[in-house]
Amino acid sequence: MPLSEEYPVYGPFFGVMGAAAAVIFSSLGAAYGTAKSGTGIAAMSVMRPELIMKSIIPVVMAGIVAIYGLVVSILIASGLSSPSTYSLYRGFVHLGAGLAVGFSGLAAGFAIGIVGDAGVRGTAQQPRLFVGMILILIFAEVLGLYGLIVAIFLYTK
């Protein structure tokens, strides 16, 4: 099939940008969440070193956000093909899928980092805050999951 308006040579560029955006933005969110929660853990561990393992939960949840972006990035990359069979529509859909999971992962990582930092420090002073912190972290994590769901839905179009 020859290159045409429906199959331009630059069509796969948008798919590649979608794959890159998915992994880059979600990893940025995960890195911020890990760093922010990690500083809270370090500050808390001076007073209550026995709570370190219990306080790792925000770091693990931040890492899961990066996995969402990785999954979508792999899906998009496996759907890439030569410009003669890759339509511009498909490129834009893949770009949208990558941006959806990437930006929602970035937002989720920010939320996890801020809540994790404050929650870990607060739990060191008042252990009853732990369950509340976990619930808020779950709500923050779901923001990234929403982006994953939208990205997979877009990818299947």
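## Aromatic residues

Tyr 10, Phe 13, Phe 14 and Phe 92 together make up one aromatic cluster. The structure shown is a predicted model. In the whole structure, five aromatic pairs are found. One of them joins Phe 13 and Phe 14 in an edge-to-face arrangement, with 5.5 Å centre to centre and 75° between the planes. The two rings can be described by their accessibility as well: Phe 13 is partly exposed, with a relative accessible area of 48%, whereas Phe 14, at 19%, counts as buried because the limit for that class is under 20%.

A further pair, formed by Phe 25 and Phe 103, is tilted, with centres 4.6 Å apart and planes at 35°. This pair connects distant parts of the chain, since Phe 25 belongs to helix 1 and Phe 103 to helix 3, 78 residues apart. Phe 25 is partly exposed at 24% relative accessibility, and Phe 103 is also partly exposed, at 44%.

Another ring, that of Phe 130, has the charged end of Lys 54 sitting over it, 4.4 Å from the ring centre.

## Nonpolar cores

The largest nonpolar core contains 15 residues, and those with the most contacts inside it are Met 44, Ile 112, Val 120, Met 133, Ile 134 and Leu 137. At least two residues of this core come from each of helix 1 (11-47), helix 2 (57-79), helix 3 (88-125) and helix 4 (129-155). Helix 4 provides the largest share, five residues.

Val 120 illustrates the contacts of a core residue: beyond its neighbours within four places in sequence, Val 120 is in contact with Gly 40, Ile 41, Met 44, Ser 55, Pro 58 and Met 133. A second, separate core has nine residues, among them Tyr 68, Ile 76, Val 101 and Leu 148.

## Asp 117 in helix 3

Asp 117 lies in helix 3 and, with a relative accessibility of 11%, counts as buried. The Asp 117 side chain makes a polar contact with the side chain of Arg 121 at 2.7 Å. When residues up to four places away in sequence are not counted, Asp 117 touches Lys 36, Ser 37, Thr 39 and Gly 40.

## Annotated transmembrane regions

An unreviewed UniProt entry places the feature "transmembrane region" at residues 12-35, 56-80, 92-117 and 129-155. In the model, the span 92-117 is 100% helix and 0% strand, and its end C-alpha atoms lie 37 Å apart. Residues 129-155 are likewise 100% helix and 0% strand, with 40 Å between the end C-alpha atoms.

Note on methods:
Residues numbered from 1 in each chain as written. Predicted model: local features only at pLDDT ≥ 70, side-chain atom pairs only at ≥ 80, totals over all residues. Heavy atoms only, no water. Core = buried A, V, L, I, M, F, W, Y, C linked by side-chain atoms within 4.5 Å. Buried < 20%, exposed > 50% of the residue type's maximum accessible area, 1.4 Å probe, protein only. Helix = DSSP H or I, 4+ residues; strand = E, 2+ residues; numbered from the N terminus. Contact = heavy atoms within 4.5 Å. UniProt positions renumbered as here; feature names shortened; annotations may be inferred. Polar contact = N/O pair within 3.5 Å; in protein donor to acceptor, adjacent residues only side chain to side chain. Phe/Tyr/Trp six-rings, centres within 6.5 Å; stacked < 30°, edge-to-face > 60°. Lys NZ or Arg CZ within 6 Å of the ring centre and 35° of its normal.
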